[in-house]
Amino acid sequence: MHQYRNTSILMRFLIGFFVGLIALYAMTIAISAWDIGIYQRELAGVEVPDNELAINYFLDGLVFLVFLGVYITVVVLFCVFINVTRKNARALGSEGMRFSPGWTVGYFFIPIINLFRPYQAVTEIVKASDPDVAVDSQYGWRESSSAITGWWWATWLTAGVTRNFANRFYAFRVDTLEKAIKAEVASIGAQSLYIIAAILAICVVYTIHTRQTRKAANRAQALSIPPRTTPYLPGDIYNDPRWQ
């Protein structure tokens, strides 16, 4: 039996780290553009100062290390968020959901299945959180719709394909400066798509949170319980048996 938990704090932290991730993607694009400039100068026979190359390598490594930490944090917070909101959807009265909280997270880490199941699981959460479904309608959420998850997932997959192409091109075929420039251009394309995907992911997170907040308020009003304005605390009024 699940209990509703307010996700305001979790949502803010997650969006904050997403914004940080977007900034790091932008910095990666800037460094790639810088690399292209260096390659073009080398092609033109212009000598690149050693200090510029040293700064370029240092920033590249530094951004990668920071990016790795932020990315891992985003992954962890996002997994926690979708796990909690999946439980919330059930606590708010949605019956017949196909995916369990554990598998909703687990699908992201299973090869092949992670190409489509996470999209289906997150879409289910978005639909089951619809506040416009009648409080006493346990299965009405199935008729809900939201295009945001489709755009997010399509952009994410496209970015991944572009990144893999760029990595393979760079790792196995770069033997000239011209090819190195093409690899950097492909990398910029991938990073740009990841920025769009991150923005859409923020929209998905915000949509789920706002939908569940409104649905909780509607349900609280129907049960004559004051709407929640603070995060979940053990033993508060939202442990009322009518929420079970």
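**Exercise 1.** Which helix gives the most to the lining of the largest pocket, and with how many residues?

*Solution.* The model is predicted, and the pocket is described here from its volume down to its lining. The largest pocket holds about 1,400 Å³ of space, and 46 residues line it, with Y25, F67, Y71, R163 and Y194 lying nearest its centre. Two or more residues of that lining come from each of the elements α1, α2 (50–91), α5 (148–173) and α6. Among the contributors, α2 gives the most, with 13 residues. Sorted by class, the lining of the largest pocket comprises 33 nonpolar, 9 polar and 4 charged residues.

**Exercise 2.** Determine how helix α1 is oriented against helix α6, and describe the residues of their contact.

*Solution.* Begin with the geometry: α1, which covers residues 8–43, packs against α6, which covers residues 177–222, at an angle of about 165°, and their axes are 9 Å apart. Because angles over 145 degrees count as roughly antiparallel, α1 is roughly antiparallel to α6. The next step is the handedness, and here α1 passes α6 in a left-handed crossing. Finally, the residues of this contact divide into 26 nonpolar, 8 polar and 4 charged.

**Exercise 3.** Classify the packing of α1 with α2, and give the composition of the contact.

*Solution.* The angle between α1 and α2 is about 155°, with the axes 9 Å apart. The two helices are therefore roughly antiparallel to each other. As to handedness, α1 passes α2 in a left-handed crossing. The contact of α1 with α2 has 26 nonpolar, 4 polar and 4 charged residues.

**Exercise 4.** Are α2 and α6 roughly parallel or roughly antiparallel?

*Solution.* The starting point is the packing angle, which for α2 and α6 is about 25°, while their axes lie 11 Å apart. Since angles under 35 degrees count as roughly parallel, α2 is roughly parallel to α6. To complete the description, the crossing of α2 and α6 is left-handed.

**Exercise 5.** How many salt bridges does the structure hold, and which parts does the pair of E52 and R41 tie together?

*Solution.* The count comes first: the structure holds 2 salt bridges. One of them is formed by E52 with R41, whose closest N and O atoms are 2.4 Å apart, which lies within the 4 Å cut-off for such a pair. The last step is to place the partners: E52 belongs to helix α2 and R41 to helix α1, so the pair ties together parts that are 11 residues apart in sequence. These are the helices whose packing was treated in Exercise 3, where the angle of about 155° was the starting point.

Note on methods. Residues numbered from 1 in each chain as written. Predicted model: local features only at pLDDT ≥ 70, side-chain atom pairs only at ≥ 80, totals over all residues. Heavy atoms only, no water. Axes fitted to C-alpha atoms, helices over the stretch in contact; angles between N-to-C directions. Helix = DSSP H or I, 4+ residues; strand = E, 2+ residues; numbered from the N terminus. Parallel < 35°, antiparallel > 145°, perpendicular 65-115°, else oblique. Left-handed = near helix turned anticlockwise from the far one by under 90°. Nonpolar A, V, L, I, M, F, W, Y, C, P; charged D, E, K, R; others polar. 1 Å grid on protein atoms, 1.4 Å probe; cavity = no way out; pocket = protein on both sides within 12 Å on 5 of 7 lines; lining within 4 Å. Points joined across faces, edges and corners; volume = space filled by probe spheres on them. Salt bridge = Lys/Arg side-chain N within 4 Å of Asp/Glu carboxyl O.
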